[in-house]
Amino acid sequence: MAMGGSLWHRVVDGEEAKRAIEAGNAAEHLPPDRIDIEQMVITQRYDLYSDEDHEVWSILFKKRMAQLERDASNVFLNGLRVINLREDRVPDLREVNANLRPMTGWQSRGVPGYLPAKCFFAFLAQRHFPTTLSVRPKTSMDYLPEPDIIHDVFGHVPLHADPVFADFLQTYGKAALHTNDPYHTERLARLFWFTVEFGLIREDGRLKLYGSGLISSEGEGHHSLQSPDVDRRPFEMERVCNTTFEIDHYQPILYVLEDFQQLRDAMETYANRLLNEPAGKVAAGAR
Ligand SMILES: [Fe+2]
């Protein structure tokens, strides 16, 4: 996701990027139906990626696949095949989208990096995934506090090829865009964290990875499956939304899905409740 800071990189340093950032900041407080995501999108100037960028992508891709072929969700691995990411170079979003769009209607769209939360949700609500275009430097290959194209495309986009996950993420975006109640905003942020970013799923009788933070991190990927210090709980919407999380260290609590239908159905129920309330108000009993 691209809600955090942004990493300087020549592919996001230009007039178009400046205008996109300004459009995002200006749109932050607009009503949802007036947020125009197209103004926040930038072109992926593919020719500006350096040999080092392609090399960093390639090293990390190969390194992660060694674990993921065994430990990642089949849904993730299928998606990876569908969008046809190559191991030797940074993905070209036009090629990714040509494969992705016919599957679910989702598209990966270039953004300069930072997006206000409401704008991020407006993208999701329209089946567009705001995608950071920069590549981390070779000197910080193993840890990067902000998203880059490796986190965003390798870590997130493969799941968007799955029709069930695709529905879930759009419904999530609509609900998060609609509510102005800080109580629900916080709960939805926790839901995103414990599923999209750090979710586990049960497949073939064992635990597998699907959250992008686990997919894109070798250390945390292993820790999440093997460490005795992790409390792995069955997914339950209310409990997830009530669980606080901490950043900057390995997650001590993770939630395990039985399948993605479970997530989609729980999100539908939550969204129906929120979307039927006037924006900014919470019906009595909703808590
Ligand atoms: Fe993310």
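This is a short walk through one protein structure, from its overall build to a few individual residues.

Thank you all for coming. Before anything else, please keep in mind that what you have in front of you is a predicted model, and that everything I say this morning describes that model.

Let me begin with the whole chain. The secondary structure of the protein comes to 12 helices and 6 strands. Its radius of gyration is 18 Å, which is close to the 19 Å that the globule rule gives for 287 residues, so the protein is as compact as a globular protein of that length. If we take the principal axes as our frame, the C-alpha atoms fill a box of roughly 55 × 45 × 35 Å. Of the 287 residues, 46% are buried, and, among contacts with a separation of 6 or more, 69% are between residues 24 or more positions apart.

I would like to turn now to the interior. The largest nonpolar core has 80 residues, and the ones with the most contacts inside it are Cys-119, Ala-122 and Tyr-172. Which helix gives this core its largest share? That is helix H7, residues 163-178, which contributes 8 residues. As for Tyr-172, if we leave aside its neighbours within four places in sequence, this residue is in contact with Leu-124, Phe-192 and Met-267.

Next, please look at strand S1, residues 107-111. Here 4 of the 5 residues are buried, so the strand is largely enclosed by the rest of the structure. Strand S1 pairs with strand S2, residues 128-132, in the parallel sense over 5 bridges, and within that pairing Gln-107 has His-128 of S2 as its bridge partner. To get from S1 to S2 the chain crosses through helix H5, residues 117-125, and this β-α-β crossover is right-handed.

In the loop between H5 and S2 we meet Arg-127, a residue that has a positive phi of about 60° although it is not a glycine. Is Arg-127 buried, exposed or partly exposed? With 18 C-beta neighbours inside 10 Å, and given that a residue needs 20 or more to count as buried, Arg-127 counts as partly exposed.

Helix H6, residues 149-156, belongs to this part of the talk as well, since S1 and S2 are among the elements that its buried residues pack against. All of this helix is buried, 8 of 8 residues, so H6 is largely enclosed by the rest of the structure. The buried residues include Ile-149, Val-153 and Phe-154, and also His-151, Asp-152 and His-156. Besides the two strands, they pack against helix H2 (51-71), helix H4 (93-104) and helix H9 (212-215). Let me single out Asp-152, which is buried, with 24 other C-beta atoms within 10 Å. The C-alpha atoms of Asp-152 and Ser-108 are separated by 9.1 Å, while the two residues lie 44 residues apart along the chain.

For the last part, we move to a second group of strands. These form an open sheet of 4 strands, in the order S4-S3-S6-S5, with mixed pairing. The edges are strand S4 (206-209) and strand S5 (231-234), each of which pairs on one side only, and the twist averages 40° from one strand to the next.

Inside this sheet, strand S3 (residues 200-203) and strand S6 (residues 253-257) run parallel and are joined by 2 bridges. S3 and S4, by contrast in their direction, pair in the antiparallel sense over 4 bridges. A useful residue to follow here is Leu-200, which stands opposite Val-256 in S6 and which has Leu-209 as its bridge partner in S4.

S3 and S4 form a hairpin with 2 residues between them. What is found in the turn of this hairpin? There we find Asp-204, with a positive phi of about 55°, although Asp-204 is not a glycine. With 8 C-beta neighbours inside 10 Å, Asp-204 counts as exposed.

So, to gather the two residues with positive phi, Arg-127 lies in the loop between H5 and S2, and Asp-204 lies in the loop between S3 and S4. That is where I will stop, and I am happy to go back to any part of the model.

Conventions
Residues are numbered from 1 along each chain as its sequence is written. This is a predicted model: local features need pLDDT of at least 70, side-chain atom pairs count only at pLDDT 80 or more; totals for chains, interfaces and linings use all residues. A residue is buried if 20 or more other C-beta atoms lie within 10 Å of its own, exposed if 12 or fewer, and partly exposed in between; C-beta atoms are placed from the backbone. Two strands pair if DSSP finds at least two bridges between them. A crossover is right-handed if, with the strands pointing away from the viewer, the path from the first strand over the helix to the second runs clockwise. A nonpolar core is a set of buried Ala, Val, Leu, Ile, Met, Phe, Trp, Tyr and Cys residues joined through C-beta atoms within 7 Å. Two residues are in contact if their C-beta atoms, placed from the backbone, lie within 7 Å. Axes are lines fitted to C-alpha atoms, for helices over the stretch in contact, and angles run from 0 to 180 degrees between N-to-C directions. The radius of gyration is taken over C-alpha atoms; the globule rule is 2.2 Å times the number of residues to the power 0.38.
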